[in-house]
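Reader: I'd like to go through this one label by label and hear what backs each of them. Can you show me what we're looking at?

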Amino acid sequence: MLTVTARETITRLHMGRTVFGRPLYTVSAYLVDGLLIDSGPPATASELLRRLRNARVERIVHTHYHEDHTGGDALLQRALGLPVLAPAGALPMLARFPAIQLYRRIVWSTPRAVKAEALSEFVVTPRHRFEVVPTPGHSADHVCLFEREQGWLFSGDLFIHERARYAGPDEHVAGTLDSLRRVLALRPRLLVCAHAGFVDDACGALERKIAFLEKLIAQARVLRNEGLGEDEISRRLLGPEGLMTRFSRGHFAKINLIRAALAAADATA
Ligand SMILES: [Zn+2]
């Protein structure tokens, strides 16, 4: 599945693998002024290529290495000869993608290695200048791209949802909070998220996400001090685990967010 929408001069390419006509899970890449920001999962690479053949695309730039953001690269690079820019921390993973869990292969398909160059402080296109803002937390290599004149913040997977309750085992909540505060200080006007799409009230949404995580950390700390275990804390604060936890065999689960929140509580104790 690939659907295209637009806001201002930004094109949203919304992608996902479908099973019996329904998308399993979706992610968006964005095209602005010849710059493709992320390239979707490997499963939709050929659809993306068909869509971009007649568009002006000069470069690919990545927010982080995850396969649902970089999976289109190998095919686009081969067919269109596009250079790929990525955060320095992503380069070893892109050159030799680490093995991923079965559920990720089912949802996104298996990524192939690509050659990329390290991002510097800015990405400049004919009409825009994007500041590369380091925003670790969701992954250690994560960056956002900020277009100051327009107030656009391309936030990759930093935001996802105001109350995202699932996390992978690498999530670092203290890092995510620092990163959210860093981008909030830029006072963006339009948040351009890989999962939530175009979010108009950018600062309000970031503030609410920060408040959600701060409260989660504080509540998790209180419950642990009362002697509760991680499973019980997770159930009380985030509700029972859902289908995604079973499907991913616990790799993508609510308990991971609680563990990360408790680690953040310890870090600020
Ligand atoms: Zn990600």
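Author: Sure. Keep in mind that this is a predicted model. Let's begin with Cys193, which is buried, with a relative accessible area of 0%.

Reader: What makes Cys193 buried?

Author: The label goes to residues under 20% relative accessible area. Cys193 has 0%, so it gets that label.

Reader: And how do you know that the sulfur of Cys193 is too far from the closest cysteine sulfur for a bond?

Author: A disulfide needs two cysteine sulfur atoms within 2.5 Å. For Cys193 the closest cysteine sulfur belongs to Cys144 and is 9.5 Å away, so a bond is out. Cys203 is in no disulfide either, as its nearest cysteine sulfur, again that of Cys144, is 13 Å away. Searching the whole structure gives 0 disulfides.

Reader: Is Cys203 buried or exposed, and what decides it?

Author: Buried: its relative accessibility is 12%, and the cut-off is under 20%.

Reader: On to His69. Where does it sit, and what makes it buried?

Author: His69 is part of helix 2, residues 67–70. Its relative accessible area is 0%, so it counts as buried. Even leaving out residues up to four places away in sequence, His69 touches a whole list of residues, including Val27, Asp38, His62, His64, Asp157 and His195.

Reader: Why is the pair of His69 and Asp68 called a polar contact?

Author: The limit is 3.5 Å between N or O atoms, and for residues adjacent in sequence both atoms must be side-chain atoms. Here the contact runs from side chain to side chain, at 3.5 Å.

Reader: Now the sheets. Why are strand 1 and strand 9 called edges?

Author: They belong to an open sheet of 7 strands in the order 1-2-5-6-7-8-9, with mixed pairing. Strand 1 (2–7) and strand 9 (117–118) each have a single partner strand, so one side of each has no neighbour in the sheet.

Reader: How do you know that strand 8 and strand 9 really pair?

Author: Pairing takes at least two bridges. Strand 8 (residues 84–86) and strand 9 have 2, in the parallel sense. One of the bridge partners in strand 9 is Ala118, which goes with Ala86.

Reader: What makes strand 10 and strand 15 edges as well?

Author: They are in an open sheet of 6 strands, again with mixed pairing, in the order 10-11-12-13-14-15. Strand 10 (122–124) and strand 15 (197–199) have a single partner strand each, so each has one side left free of a neighbour in the sheet. On average, neighbouring strands of this sheet are turned by 25° against each other, direction ignored. Inside it, strand 11 (residues 129–134) and strand 12 (residues 143–147) run antiparallel, joined by 5 bridges. Val132 stands opposite Leu145 of strand 12.

Reader: How do you know that the buried residues of helix 8 are on the same side?

Author: Those residues of helix 8 (residues 230–238) are Ile233, Ser234 and Leu238. Around the axis they cover an arc of only 100°, so they end up on the same side of helix 8. They pack against helix 7 (202–225) and helix 10 (254–268). Right after helix 8 comes Gly239, with a positive phi near 85°.

Reader: Why is Tyr166 called partly exposed?

Author: Partly exposed lies between the buried limit of 20% and the exposed limit of 50%. Tyr166 has 22% relative accessibility, so it falls in that range. Tyr166 is in the loop between strand 13 (152–156) and helix 6 (173–184). Among the residues it touches are Glu241, Met244 and Phe252. A polar atom of the Tyr166 side chain lies 2.9 Å from the backbone nitrogen of Gly242. The C-alpha atoms of Tyr166 and Asn256 are separated by 7.1 Å, although the two are 90 residues apart along the chain.

Reader: Last one: what makes the phi of Glu8 worth a mention?

Author: Most residues other than glycine have a negative phi. Glu8 is not a glycine, yet its phi is positive, about 50°. Glu8 lies in the loop between strand 1 and strand 2 (10–15), and it is partly exposed at 42% relative accessible area. Arg187 also has a positive phi without being glycine, near 50°, and is found in the loop between helix 6 and strand 14 (190–193).

Methods:
Residues are numbered from 1 along each chain as its sequence is written. This is a predicted model: local features need pLDDT of at least 70, side-chain atom pairs count only at pLDDT 80 or more; totals for chains, interfaces and linings use all residues. Side-chain values use heavy atoms; hydrogens and water are left out. Helices (H or I, at least four residues) and strands (E, at least two) are DSSP runs, numbered from the N terminus. Buried means under 20% relative accessible area, exposed over 50%, partly exposed in between (1.4 Å probe, protein chains only). A polar contact is a pair of N or O atoms within 3.5 Å; within protein, one must be able to donate a hydrogen and the other to accept it, and residues adjacent in sequence count only if both atoms are side-chain atoms. Contact means heavy atoms within 4.5 Å. Axes are lines fitted to C-alpha atoms, for helices over the stretch in contact, and angles run from 0 to 180 degrees between N-to-C directions. The arc is that of the directions from the helix axis to the C-beta atoms.
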